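Me: I should like to go through the cavities of this model and the terms used for them. Please set each value against its definition.

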Amino acid sequence: MRWPGQTAQSLALLEGTPVNCLLLERERWQPELLDAAAKRGLATLAVVRPGFDGAVPGAFAGVVLEGDFAPAEVAKYRDSGRPVIELVSRYRLRFDGVSSVAGTWQGVWPGIQLEEEGSTKSAPSGAPWINTNTGFLRFAKAASKGVVWIGVRPPEKNTFRVERYLQAIGDAAMSGARWVVALDADFEKRLLGGDDRARKDWERMARHLRFYEEHREWRGLDPYGLLALVEDTPGALLSGGILDMIAVKHTPVRPMPTRRLQGGALRGAQMAVNVNPETLSAEQQEALRTFARSGGTLLTGPPGWKFPAVPDGQITLADEAVKTLDTIWKELNSMTGRRNLGVRLFNVASMLSNLTATADGKTLYLHLVNYSDYPVDSVTAHVLGRWTKAKLYTPEGPPKDLEIYPVDEGTGIDIPALTAVGVIRID
C-alpha cells in the first residue's frame with residue numbers, strides 16, 4: 001500500500017488488515033515511522049523516482065524504482081543488496097524472469113465509464129464500457145508466470161465512493177495480480193483524521209483485501225477455456241484491446257504470448273485468434289498450422305494487417321485504433337457467436353469475469369467483479385460440462401452452496417446476489 005500517514009500512530013489503522021508492505025514517499029522517510037513499522041512486522045519500501053541522487057536510509061527493507069530508469073541506475077540499486085522492485089511504464093516491462101515482480105505504475109482507474117452527460121459509454125461489443133486493466137494483467141500474468149503488481153492511483157482531484165476501491169481490488173485480483181492500494185486525497189485526510197465513515201470504508205476495503213489473501217492459491221491458477229488469443233506487445237499491453245473486448249462478452253479466453261507459442265501450447269483449445277500474424281517466427285507459424293491441421297479453428301488478421309501504431313506512453317486504444325480493430329472483432333464475434341467456450345453468463349452487463357482451473361481440470365473458479373456501485377442479483381452461469389457442486393465465496397460472509405441443475409450446454413448455476421466481488425468454486 002502507498003501509505004499516507006507520517007506518524008507512528010497512523011500505523012494502528014493497519015491492525016487486522018492483510019497489508020504488510022508499505023511504499024513510502026520521501027516526505028515519509030522519518031526514522032520514527034520506519035522504526036514503528038519494523039516493530040509491527042511491516043516491510044517498508046522507499047519510493048525513488050528518476051533524478052533522485054540522495055541515499056536511501058538503511059532502515060528500509062527494499063526500494064521501489066517508480067518510473068523508467070537507465071539500466072546502470074537500476075544496477076546500482078540492485079548492487080546495494082536490498083530487494084528492488086521496478087514499477088515501470090507498461091512498454092518497459094520485461095518478462096524475462098530477472099525480476100521477482102513484474103510491476104507498472106500505469107493503469108486505468110477501474111469502473112464503468114460515463115459520458116459528460118452522465119450516460120454510460122458503450123464498448124464495440126455493445127455492453128457498457130468498463131475501464132479495466134484485466135486484459136493487460138492477464139497477458140502480463142501469462143507472459144511472466146510470476147508476481148504482477150499494478151500501481152495505478154485514483155485520478156487526482158477526485159473523490160470516490162468505497163465501491164470504486166473494491167472494484168480496483170477485484171480488477172487486479174481476478175487476473176492473479178496485486179493492486180498497490182492507494183487512496184484519493186480526501187479519503188486519506190478523513191481516514192487519518194479519524195472520520196467514522198472513512199474508517200468503516202477502510203474496514204470494508206480490508207475485508208476485500210483479506211478475502212483474496214486468504215485464498216492466495218487462486219493467483220496461481222491458469223485461465224480455462226476453449227479459445228486462445230495469440231498476441232504480444234505492444235497490443236497486449238493496452239487496455240481496451242481485443243482481450244478486453246472478449247472479456248466484456250464473458251467469453252473465457254486463454255492469453256497466449258507469442259513467445260510461448262510452441263509445441264503443445266494450444267493443447268485443449270478449439271479456437272485460436274492470431275492478432276498480428278506478421279510478427280510470428282517460422283516456428284510459431286508452424287505451431288498454428290499444426291493446431292489447424294489437428295482440427296482447431298484459426299482466425300488471423302487480414303493479409304497485410306498490422307496492429308495500429310500506439311503513441312509513446314499511451315495505454316488505451318485511440319478511437320481510430322478501435323475502428324481498425326473492428327475488422328478482427330466482427331470476425332471473432334461471428335466465430336464465437338453464442339457458443340459456450342467454457343461458461344456463458346447472463347444478467348452481467350456491469351460485470352467482468354475470469355474462468356480459471358486447477359492443473360487437473362477437475363475444479364473451476366469463476367471470478368466475478370461488479371463494476372457498478374450497486375448489488376446485482378439473479379446472475380446465471382451455464383458451465384460447459386457436467387459438474388456436481390458449486391460454492392460461492394464473497395468477502396461479506398461464509399461460503400454458500402449454490403444449487404446446480406442440468407442445461408443443454410452442461411450445468412446451470414444461479415447466483416442470487418453479488419455486491420462487489422465473488423468467486424464460484426465448481427467441482
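The exchange below concerns the cavities and the residues that line them.

Reply: This is a predicted model, in which local features need pLDDT of at least 70 and side-chain atom pairs count only at pLDDT 80 or more, while totals for chains, interfaces and linings use all residues. Residues are numbered from 1 along each chain as its sequence is written, and side-chain values use heavy atoms, without hydrogens and water.

Me: What makes a space count as a cavity, and how many of 30 Å³ or more are there?

Reply: A cavity is a set of points, on a 1 Å grid over the protein atoms alone, where a 1.4 Å probe fits but cannot get out. Five cavities of 30 Å³ or more are present.

Me: What is the volume of the largest cavity?

Reply: The largest cavity holds about 90 Å³, a volume being the space filled by probe spheres set on grid points joined across faces, edges and corners.

Me: Why are Glu86 and Val101 called lining residues of the largest cavity?

Reply: Lining residues have an atom within 4 Å of a point, so Glu86 and Val101, which are among those lining the largest cavity, meet that condition.

Me: Which element gives the largest share of that lining?

Reply: Strand S5 does, with three residues; strands are DSSP runs (E, at least two residues), numbered from the N terminus.

Me: Which residues line the second largest cavity?

Reply: The second largest cavity, of about 60 Å³, has Arg138, His250 and Asn354 among its lining residues. Strand S16 (residues 351–357) gives the most, three residues.

Terms used
On a 1 Å grid over the protein atoms alone, a cavity is a set of points where a 1.4 Å probe fits but cannot get out, and a pocket is an open set with protein on both sides within 12 Å along at least five of seven lines; lining residues have an atom within 4 Å of a point. Helices (H or I, at least four residues) and strands (E, at least two) are DSSP runs, numbered from the N terminus.
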